[in-house]
Amino acid sequence: MFADLKMPAHLTMKPISFAALMELYERNYIALRRLCPVFDDLTVANVSRVTGAPPLQLRVLERNRYTTTLELTQRIGQTGRIPVLPLRVYHDARQAEVLVAGVHPEGLNCDPGGGVRQRQLGVCWEANLFLHDWLSHCVVQGHRFGKSPVSAR
């Protein structure tokens, strides 16, 4: 049922390219669309409650024609850790990424020798791999926002 949410082997390793990171952003978009089938159904503050799972909170921070900026939060485990992830959804490109502090998207391409570019790629990779795992877990738990189911492409 959720076979398309499984990560291909080449994406479970360290990032090898900017293209692999873009593929991860596409997979994040698919998983996010399973949680939020219709972004227009979202209010500013949304909560998904599932029996036996902690509530999942989704706030809409900003809406634009081609992007939506969100914040995803959930109390995890007995410790009560609360990850707060700011996300940007690119509707036209069908991608979703974690907004990582200190990493400017254009900066990923500015150092042809590796260095800063590779470190930034690694930071983005780790954050977005976490997002993918978290979204997949929430989908399997049965979390949903909005009312209108559609197929995410």
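**View 1. Strands E1 and E2 run side by side in antiparallel fashion, joined by 4 bridges.** Helices (H or I, at least four residues) and strands (E, at least two) are DSSP runs, numbered from the N terminus, and two strands count as paired if DSSP finds at least two bridges between them. In this pairing, Val47 stands opposite Gln57 in E2. Please keep in mind that this is a predicted model, in which local features need pLDDT of at least 70 and side-chain atom pairs count only at pLDDT 80 or more, while totals for chains, interfaces and linings use all residues. Residues are numbered from 1 along each chain as its sequence is written, and side-chain values use heavy atoms, leaving out hydrogens and water.

**View 2. Moving along the sheet, E2 meets E3.** Strand E2 (residues 56-63) and strand E3 (residues 67-74) are antiparallel and are joined by 7 bridges. A hairpin of 3 residues leads from E2 to E3. Two facing positions are good places to look: Arg63 stands opposite Thr68 in E3, and Glu62 stands opposite Thr69 in E3. As background, strands of a sheet pair through backbone hydrogen bonds, either parallel or antiparallel.

**View 3. Here is the whole sheet, with 5 strands in the order E1-E2-E3-E4-E5.** The sheet is open and its pairing is antiparallel. Strand E1 (45-48) and strand E5 (95-98) are at the edges with a single partner strand each, so one side of each has no neighbour in the sheet. On average, neighbouring strands are turned by 25° against each other, direction ignored; the axes behind such angles are lines fitted to C-alpha atoms, for helices over the stretch in contact, and angles run from 0 to 180 degrees between N-to-C directions. To place the sheet in the chain, count 2 helices and 5 strands, following one another from the N terminus as α-β-β-β-β-β-α.

**View 4. Helix H1 lies across E2, E3, strand E4 (84-90) and E5.** H1 runs at about 100° to E5. The 18 residues of the helix (residues 18-35) should span 26 Å at 1.5 Å a residue, and the end C-alpha atoms are indeed 26 Å apart; the expected span is 1.5 Å times one less than the number of residues. At the N-terminal end, Ser17 acts as a cap, with a side-chain oxygen 3.4 Å from the backbone nitrogen of Ala19. Buried residues of H1 include Leu21, Leu24, Tyr25, Tyr29 and Leu32, where buried means under 20% relative accessible area, exposed over 50%, and partly exposed in between (1.4 Å probe, protein chains only).

**View 5. Leu70 sits in strand E3 and meets residues from several parts of the chain.** At 0% relative accessibility, Leu70 counts as buried. Its C-alpha atom is 4.6 Å from that of Val60, although the two residues are 10 apart along the chain. Leaving aside neighbours within four places in sequence, Leu70 is in contact (heavy atoms within 4.5 Å) with residues including Leu32, Phe39, Leu42, Leu58, Leu85 and Val89.

**View 6. Gln74 is another residue of strand E3, and its side chain is worth a closer look.** With 3% relative accessibility, Gln74 counts as buried. The side chain of Gln74 reaches the backbone oxygen of Pro54 at 3.0 Å. It also makes a polar contact with the side chain of Trp134 (2.8 Å). A polar contact is a pair of N or O atoms within 3.5 Å; within protein, one must be able to donate a hydrogen and the other to accept it, and residues adjacent in sequence count only if both atoms are side-chain atoms.

**View 7. Arg94 lies in the loop between E4 and E5.** This residue is not a glycine, yet it has a positive phi of about 55°. Is Arg94 buried or partly exposed? At 38% relative accessibility, Arg94 counts as partly exposed.

**View 8. Two cysteines can be found in the model's interior: Cys124 is buried, and so is Cys138.** The relative accessible area is 4% for Cys124 and 0% for Cys138. The structure holds 0 disulfides, a disulfide being a pair of cysteine sulfur atoms within 2.5 Å. Stepping back to the chain, buried residues make up 42% of its 153 residues.
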